[in-house]
Amino acid sequence: MEIEEDEERRRQRKLEEALEVKSLRRIISAYLNYPEAAEEDVRRYEKSFKKLPPAHKAFEPPLDMSQDVDGCKDPHLENFEHGHCHSEERNASSCQSVSTSGRMCCSNHAQACSQEKSNIMSNPTTELQEVKSEQQHEPIFGSGAGEVENKNEIAECCSNDVADSNGNAFSSPHDWLDPSLQLNVPLVDVDKVRCIIRNIVRDWAAEGEKERNQCYKPILEELDAQFPNRSKESPPACLVPGAGLGRLALEISCLGFISQGNEFSYYMMICSSFILNHTETTGQWTIYPWIHSNCNSLSDNDQLRPVLIPDIHPASAGITEGFSMCGGDFVEVYNDSSQIGVWDAVVTCFFIDTAHNIIEYIEIISRILKEGGLVGWQVWINFGPLLYHFADMYGQEDDMSIELSLEDVKKIAFHYGFKLEKEQTIETTYTTNPRSMMQNHYHAAFWTMRKKRTTTT
């Protein structure tokens, strides 16, 4: 009986790995399809322009639209149609990762892409994302939640489950970028890549500094004040669920914390790995994040303006040893017995409303914070709205969405042993084009709660 149960677990694990590889392949294909989708947008704009009556074509458009749309093809587009992609796109979607047996591993909050998480795998990933400092040649891994056991597990999984149209297996994750593996994915997948590009501005561009100051700066100042006498030899450990592209987790590390970001979205993980591990200098790349937004533009130049990234060199930022990014679902990764009482602080920014069950999130946050300790420890700092991501998921009977008011959220927190110390409302935006005629603003809840000591009788 025991042998049969072991065999069933192995079979189930193999199935989950195959599903995860399938999901990752689709997401990589979304990145690879980004140029083609952009070209299709341009063709659509050109067709609309051609339908204008001659009198309406008297103005000078921002781009040359005089070419015959149907009779002339862009040579770059032909390359895409034959399965080739620009090297920049290849680099942008490459990700070096290894598997771990433990729960601490390494690399969404994408509030503007609130439906993203429902389309990604349900089982947690366990990949170690390397973050290298300028002073060290070895990757910096997080401590306190697991050991690296098998660095070839993901590659083995890929070689077994991914093949080209001729049945040839690919043994390396980098082979996933081979043009023969590129899938035709729905445009909604490519829209998620465009959403990631806007998130890059928020986290890694000078243009996003105002938004970071609204959201991240209050958190960093509060965290710094809560741990005034932290030790360099034994720094406090801070978890950042929903870390997105990793800027907040990195800034916390630079304050002198063992910082671990947790992220569920492969879209985010691929991009954060690229920026954190493959950046050589500030302003290394130029992106055009607003080029797809034709609405609410004040001028053509605003829409077409370039943005240099990143605004800092991550490896030179002064990160604390132990900085890591952990890939996986927050509930599945941190609802493990090994995580009980591990963390000195938990920071959530635009995160708690990503839950199917926000009560479960709060319960886990309470469990993973340390018991007792010095003043300033056992702290939960939260920033964000309550735009519940699964509130509009109709027709999926197995899904749930618990949507509580802010008042009720705080009552739940009190039930799980938290005491409210500070609270205020801060107005902010999320991945908003600062030059757009439309500005969506949140009145975000910002609080500091402390986990009360449990009394023993």
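Arg247 counts as buried, at 4% relative accessibility. Here "buried" means under 20% relative accessible area, while exposed means over 50% and partly exposed is in between (1.4 Å probe, protein chains only). You'll find Arg247 in helix H8. Helices (H or I, at least four residues) and strands (E, at least two) are DSSP runs, numbered from the N terminus. What does Arg247 touch, not counting residues up to four places away in sequence? The list is Asp203, Trp204, Arg212, Tyr216, Asp311 and Ile312, where a contact means heavy atoms within 4.5 Å.

Before going further, a word on what you're looking at. This is a predicted model, in which local features need pLDDT of at least 70, side-chain atom pairs count only at pLDDT 80 or more, and totals for chains, interfaces and linings use all residues. Residues are numbered from 1 along each chain as its sequence is written, and side-chain values use heavy atoms, with hydrogens and water left out. The pLDDT is the predictor's confidence in each residue, from 0 to 100. For this chain its mean is 78, and 70% of the residues reach 70 or more. Over residues 68–171, though, the pLDDT is below 50. That stretch still has 264 contacts in the model beyond near neighbours in sequence.

Back to H8, and to the helix beside it. Two packed helices are described by the angle between their axes and the distance between the axes. Helix H7 (residues 209–226) and helix H8 (residues 247–254) have axes that come within 11 Å and cross at roughly 30 degrees. These axes are lines fitted to C-alpha atoms, for helices over the stretch in contact, and angles run from 0 to 180 degrees between N-to-C directions. Which residues make the contact? H7 brings Arg212, Tyr216, Ile219, Leu220 and Leu223, and H8 brings Arg247, Leu248, Glu251 and Ile252. Sorted by class, the contact has 6 nonpolar, no polar and 3 charged residues. For that sorting, Ala, Val, Leu, Ile, Met, Phe, Trp, Tyr, Cys and Pro count as nonpolar, Asp, Glu, Lys and Arg as charged, and the others, Gly among them, as polar.

Now for the strands, starting with S3. Strand S3 is largely enclosed by the rest of the structure, because 5 of its 5 residues are buried. In a regular strand the side chains alternate between the two faces of the sheet. Both faces of S3 are covered: Ala237, Leu239 and Pro241 are buried on one side, and Cys238 and Val240 on the other. S3 runs parallel to strand S4 (residues 258–263), and 5 bridges join the two. Two strands pair if DSSP finds at least two bridges between them. Across from Cys238, in S4, stands Ser259.

S3 (residues 237–241) is also joined to S8, by 2 bridges, and these strands run parallel too. Leu239 has Val346 in S8 as its bridge partner. Val346 also has a bridge partner in S9, namely Trp380. S8 and strand S9 (residues 379–384) run parallel, joined by 5 bridges. Is S8 mostly covered or mostly open? It is mostly covered, with 5 of its 5 residues buried. On one side sit Ala345, Val347 and Cys349, on the other Val346 and Thr348, all of them buried.

Next, look at the loops on either side of S8. Trp343 lies in the loop between helix H11 (330–334) and S8, and at 2% relative accessibility it counts as buried. Leaving aside neighbours within four places in sequence, its contacts include Ala237, Cys238 and Leu239, residues you've already met in S3. Ile365 is 22 residues from Trp343 along the chain, and their C-alpha atoms are separated by 9.2 Å. In the loop between S8 (345–349) and helix H12 (358–368) is Phe350. Its phi is near 50 degrees, a positive value in a residue other than glycine. Phe350 counts as buried, at 1% relative accessibility.

Thr431 has a positive phi as well, near 45 degrees, and is likewise a residue other than glycine. Where is Thr431? It lies in the loop between strand S10 (418–428) and strand S11 (442–451), and it is buried, with a relative accessible area of 7%. Tyr430 is found in the loop between S10 and S11 and is buried at 8%. Tyr430 and Tyr442 are 12 residues apart in sequence and 8.1 Å apart in space, C-alpha to C-alpha.

One last backbone detail: a cis peptide bond joins Ile309 and Pro310, with omega about -10 degrees. Pro310 is in the loop between strand S6 (307–309) and strand S7 (324–327).
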